[in-house]
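Student: Please take a close look at the salt bridges in this model and at the strands around them. I am new to this structure, so define the terms as you go.

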Amino acid sequence: PIHRSAHSDKATQRNATHAEYSTRTVQRIATMNGGNNGNDKYVKQLMGMGFEADHAEEALRITAGNIENAVSYLLNGGIEDDMQPSAANVTDAVPTPSSVSSSKPIVGPISQYSVEDGRSACTCIALTAATKFLTSKCVDADFLRSMITEGVQTYNSLSTSVEHMSAEEILSQDHPFPLRCDDIRQGMLSHDPEHFIGLHVQLHAVRQEHDAWMAVLLTKTPETVLLCLPPRGGSFWLVDSHPRAQLGCDGAYAKEHASMAELIATLQMIFPPTDLGPDIPEMMATMYNSFDLYPLSLTSSSSSR
């Protein structure tokens, strides 16, 4: 079934603006110290921004040599290090150990970067994972492997010139996912749990609006992850096709949480609010810290099977 958003024009324009600001911000940071010729030069650029050489090399390896994604990976806490770069200061507030889930993640044998053409396929992978989870409610290593291989296949089958597609752009065309998106919520990363468009408020609002399992795509450009929210009394799942050094995961993983608070604490480790410094315009900095939530459910025909 094909679902077409009721507000596609406005949302598509917003997504394009979001991507433009985020890309321009990352590009500006990435080019602060020179050109873009070869990994050696990229390493020097990242070192000039204050990152350690081995961290820069790891980020470039994980992101297949893409300097923009490497910068985003490092800024979003992809490398654990007590020394943060002066060019991009992450806010001091971090989740307390008591709030972070202690459950051991299920780690798959591969990540999206292990598969050819997988680098930009995380939204298709997340939609594949959402379909699988809502259908089976079962997550294991095979689930993680198949969500990546099938998601990349779907990404390659779509007729588009857009590298990083949003969930709405995918669901507005002919696609294989038996999913519908009831609403789209946009917010801003903040350590203030009461921020009116912060992650805490937006996720709680999504859960209150539904009385069944929900699959929620969270997009923090250029990355998309899957959140699985229970109706009540169940576990909260994070499913991610990206490797996360700060979680000890070198492949795609799924992490179980006993509460929404634990889930949000893990998300804050992956996507911390970032101060880009005085040289970046306020609106660009706001857009860089913005995120989109796509609550998904199975279409009526698929859920009745």
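Tutor: Start with a pair of charged residues: E223 and R244 are both buried, where buried means under 20% relative accessible area, exposed means over 50%, and partly exposed lies in between (1.4 Å probe, protein chains only). Before going on, note that this is a predicted model, in which local features need pLDDT of at least 70 and side-chain atom pairs count only at pLDDT 80 or more, while totals for chains, interfaces and linings use all residues. Residues are numbered from 1 along each chain as its sequence is written, and side-chain values use heavy atoms, with hydrogens and water left out.

E223 and R244 form a salt bridge, with N and O 3.0 Å apart. The term stands for a side-chain nitrogen of Lys or Arg within 4 Å of a carboxyl oxygen of Asp or Glu. E223 belongs to strand β6 (residues 223–229) and R244 to the loop between β7 (236–240) and β8 (253–257), so this contact ties together parts that are 21 residues apart in sequence. Strands (E, at least two residues) and helices (H or I, at least four) are DSSP runs, numbered from the N terminus.

R244 also has a salt bridge to D240, at 2.6 Å from N to O. The relative accessible area is 2% for R244, which is therefore buried; for D240 the value is 0%, so D240 is buried too. Through shared partners, the salt bridges join E223, D240 and R244 into one network.

Now take β8, one of the two strands that flank the loop of R244. Four of the five residues of β8 are buried, so that the strand is mostly covered. β7 and β8 pair in the antiparallel sense over five bridges; two strands pair if DSSP finds at least two bridges between them. Strand β2 (residues 106–107) also pairs with β8 in the antiparallel sense, over two bridges. A254 of β8 appears in both pairings: I106 has A254 as its bridge partner, and V239 stands opposite A254.

The count of salt bridges comes to three. One of them links E150 and K132, whose closest N and O atoms are 3.3 Å apart. Here E150 is in helix α6 (residues 141–157) and K132 in helix α5 (residues 122–136), so the pair ties together parts that are 18 residues apart in sequence. E150 counts as partly exposed at 33% relative accessibility, and K132 counts as partly exposed at 21%.
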